[in-house]
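Here are my notes on this one, as numbered points. Have the model open while you read.

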Amino acid sequence: MNNDPRGIMIIQGNLIFINNALIEEVSCSNDFFSEILISYAVRENNSTSIQTIRLNLNQKTLVLDESGQSICLCCLRPGMWINAVISSQMTRSNPPQANAFLVAIQKMPQSSM
């Protein structure tokens, strides 16, 4: 798993930043509400595990395409790589859920640091 391009979750105050997340599932009923299941990496010691989180998107969520242009919520598809800014308040469900503020599509996963 060390070659997996998925990025890690970084918590800063009330925000969580996730780079290089992979969209696993999309549920879009209309342009006002959507849910996406994303996966990201958790690195501990010498191992990496893949975790998932369900993001709730609404009309206030900024969704950007690869060129930085705003697009609709229903344009997101499984297999896309994204960067996301989400709320640090999340449910204790499995998988956890959080509200997304920004979802930016990446052409390819960015190189990990």
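A salt bridge here is a side-chain nitrogen of Lys or Arg within 4 Å of a carboxyl oxygen of Asp or Glu. Keep in mind that this is a predicted model.

1. Start with the charged network. With that cut-off, D4, R6 and E24 come out linked in a network of salt bridges. D4 and R6 have their closest N and O atoms 2.8 Å apart, while the side chains of E24 and R6 meet at 3.3 Å, N to O. E24 sits in strand β2 and R6 in the segment before β1 (9–12), so this pair ties together parts that are 18 residues apart in sequence. In general, side chains of opposite charge can pair when their charged atoms come close.

2. How exposed are the members of that network? Both D4 and R6 are buried. For R6 the relative accessibility is 12%, which is why R6 counts as buried given the 20% limit. E24, at 34%, counts as partly exposed.

3. How many salt bridges does a search of the whole structure find? The answer is 3. One that I haven't covered yet is E25 with R54, where the closest N and O atoms are 3.9 Å apart. The E25–R54 pair links distant parts of the chain, with E25 in strand β2, R54 in strand β4, and their positions 29 residues apart in sequence. Mind the distance if you rescore this, as the cut-off is 4 Å. E25 is partly exposed, with a relative accessible area of 40%, whereas R54 is buried at 18%.

4. Now the strands. β2 and β3 run antiparallel and are joined by 7 bridges, with a hairpin of 2 residues leading from β2 to β3. E25, which we met as the salt-bridge partner of R54, stands opposite L37 in β3.

5. Next along, β3 and β4 also pair in the antiparallel sense, this time over 12 bridges. E44 has S47 in β4 as its bridge partner. The β3–β4 hairpin has 2 residues between the strands, and N45 takes a positive phi near 55 degrees there. That torsion is one to look at if you check backbone angles.

6. What about the nonpolar core? The largest one has 20 residues, and those with the most contacts inside it are I38, L55, L57, I82 and I86. Elements giving two or more residues to this core are β2, β3 (33–44), β4 (47–58), β6 and β7.

7. I38 deserves a closer look. Leaving out residues up to four places away in sequence, I38 touches I18, A21, L22, I23, E24, Q51, T52, I53, L55 and I82. Among them, L55 and I82 are also on the list of residues with the most contacts inside the core. E24, from the salt-bridge network, is another residue that I38 touches.

8. On to the cysteines. The count comes to 1 disulfide, and the pair is C28 and C74, with an S to S distance of 1.7 Å. The torsion about the S-S bond is about -65 degrees, so the disulfide is left-handed. This pair links distant parts of the chain: C28 is in strand β2 (residues 15–30) and C74 in the loop between β5 (62–64) and β6, 46 residues apart. As for exposure, C28 is partly exposed, with a relative accessible area of 27%. Two other cysteines to inspect are C72, which counts as partly exposed at 30% relative accessibility, and C75, which does so at 32%.

9. Last stop, S93. Where is S93 placed? Its place is in the loop between β6 (81–90) and β7 (97–106). The S93 side chain makes a polar contact of 2.7 Å with the side chain of T91, and the S93 side chain also reaches the backbone oxygen of P95 at 2.8 Å. S93 is partly exposed, with a relative accessible area of 34%. The C-alpha atoms of S93 and R54 are separated by 9.7 Å, with the two residues 39 apart along the chain. R54 is the residue that forms a salt bridge with E25.

Technical notes
Residues numbered from 1 in each chain as written. Predicted model: local features only at pLDDT ≥ 70, side-chain atom pairs only at ≥ 80, totals over all residues. Heavy atoms only, no water. Helix = DSSP H or I, 4+ residues; strand = E, 2+ residues; numbered from the N terminus. Buried < 20%, exposed > 50% of the residue type's maximum accessible area, 1.4 Å probe, protein only. Polar contact = N/O pair within 3.5 Å; in protein donor to acceptor, adjacent residues only side chain to side chain. Disulfide = S-S within 2.5 Å. Core = buried A, V, L, I, M, F, W, Y, C linked by side-chain atoms within 4.5 Å. Contact = heavy atoms within 4.5 Å. Pairing = 2+ DSSP bridges.
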